[in-house]
Every structure is written in C-alpha cells, then in structure tokens.
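Good morning, and thank you for making time on the agenda. I would like to take you through one chain, from its overall fold to a few individual side chains.

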Amino acid sequence: MAVVDWLMSIKPTPKPALESRRKDGRGFYHNTTGRLICPVEYDWSNVQANIRGFDADYTVTTDSWPRFFI
C-alpha cells in the first residue's frame, strides 16, 4: 500500500488512479507501474504493447532487471 500511496502523491497523478486496496490494473497493465518494472534493456514507451501482448521478442523473465533499480 505504501508504494501505491507514494505513486499517487507524484504530480501529475497517475491516470487511471491506483487504488491501494485493489491489485487489478497494476503491473504491466498500468503505464506508471509498467514503466517502473519494465526491464532496463527496453524503452517502455516503445515496447509496452509488445510486453503486454507476450511478444516472444520482448520476454520478461526473472533475470530481467526492472527500471526502478537504476
């Protein structure tokens, strides 16, 4: 819940709004959280449809480093 509260405090606030009690619509299905967990080797603005569509050329694995680490 703390991460959602933190994300909702940034300006401009994420659209659609993230709710701390609901997990649907998060992860790669939300642009704000998707950008944070997108592997560093990809540019979220260019690959989000590929990742969401499970494109074999844009595989996300446990070995992928999410962008929020850098």
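Read along the sequence, this chain follows the pattern α-α-α. It has three helices and zero strands; helices (H or I, at least four residues) and strands (E, at least two) are DSSP runs, numbered from the N terminus. Please keep in mind that this is a predicted model, in which local features need pLDDT of at least 70, side-chain atom pairs count only at pLDDT 80 or more, and totals for chains, interfaces and linings use all residues. Residues are numbered from 1 along each chain as its sequence is written, and side-chain values use heavy atoms, with hydrogens and water left out.

On overall dimensions, the C-alpha atoms fill a box of roughly 35 × 25 × 20 Å, taken along the principal axes. The accessible surface comes to about 5,200 Å², and carbon and sulfur atoms hold 57% of that surface; these areas come from the Shrake-Rupley method with a 1.4 Å probe, and for residues only the protein chains shown count as cover. Of the 70 residues in the chain, 24% are buried. Buried means under 20% relative accessible area, exposed means over 50%, and partly exposed lies in between (1.4 Å probe, protein chains only). Among contacts with a separation of 6 or more, 32% join residues 24 or more positions apart, where contact means heavy atoms within 4.5 Å.

Let me turn to His-30. This residue sits in the loop between helix H1 (2-9) and H2. Is His-30 buried or exposed? His-30 counts as buried because its relative accessibility is 3%. Its side chain reaches the backbone oxygen of Pro-16 at 2.6 Å and the backbone nitrogen of Thr-32 at 3.1 Å. Both are listed as polar contacts: a pair of N or O atoms within 3.5 Å, where, within protein, one must be able to donate a hydrogen and the other to accept it, and residues adjacent in sequence count only if both atoms are side-chain atoms. Not counting residues up to four places away in sequence, His-30 touches Pro-14, Lys-15, Pro-16, Leu-18, Gly-25, Trp-44 and Arg-52.

A second buried residue is Ser-64, with a relative accessible area of 16%. Ser-64 lies in the segment after helix H3 (44-52). The side chain of Ser-64 reaches the backbone nitrogen of Thr-61 at 3.0 Å. Leaving aside neighbours within four places in sequence, Ser-64 is in contact with Pro-39, Glu-41 and Thr-59.

Next, the charged side chains. Side chains of opposite charge can pair when their charged atoms come close. How many salt bridges does the rule give? The count comes to two, a salt bridge being a side-chain nitrogen of Lys or Arg within 4 Å of a carboxyl oxygen of Asp or Glu. Arg-22 pairs with Glu-19, their closest N and O atoms being 3.9 Å apart, and Arg-22 also meets Asp-24 at 2.7 Å, N to O. Glu-19, Arg-22 and Asp-24 are thus linked in a network. Arg-22 is partly exposed at 41% relative accessibility, as is Glu-19 at 44%, whereas Asp-24 is exposed at 52%.

Finally, the surface. Ile-37, Val-40, Trp-65, Phe-68, Phe-69 and Ile-70 make a nonpolar patch of about 650 Å². Patches are made of residues with over 30% relative accessible area and no salt bridge, with like charges joined within 9 Å and nonpolar side chains (Val, Leu, Ile, Met, Phe, Trp, Tyr) within 5 Å. Within this patch, Ile-37 belongs to helix H2 (residues 31-37).
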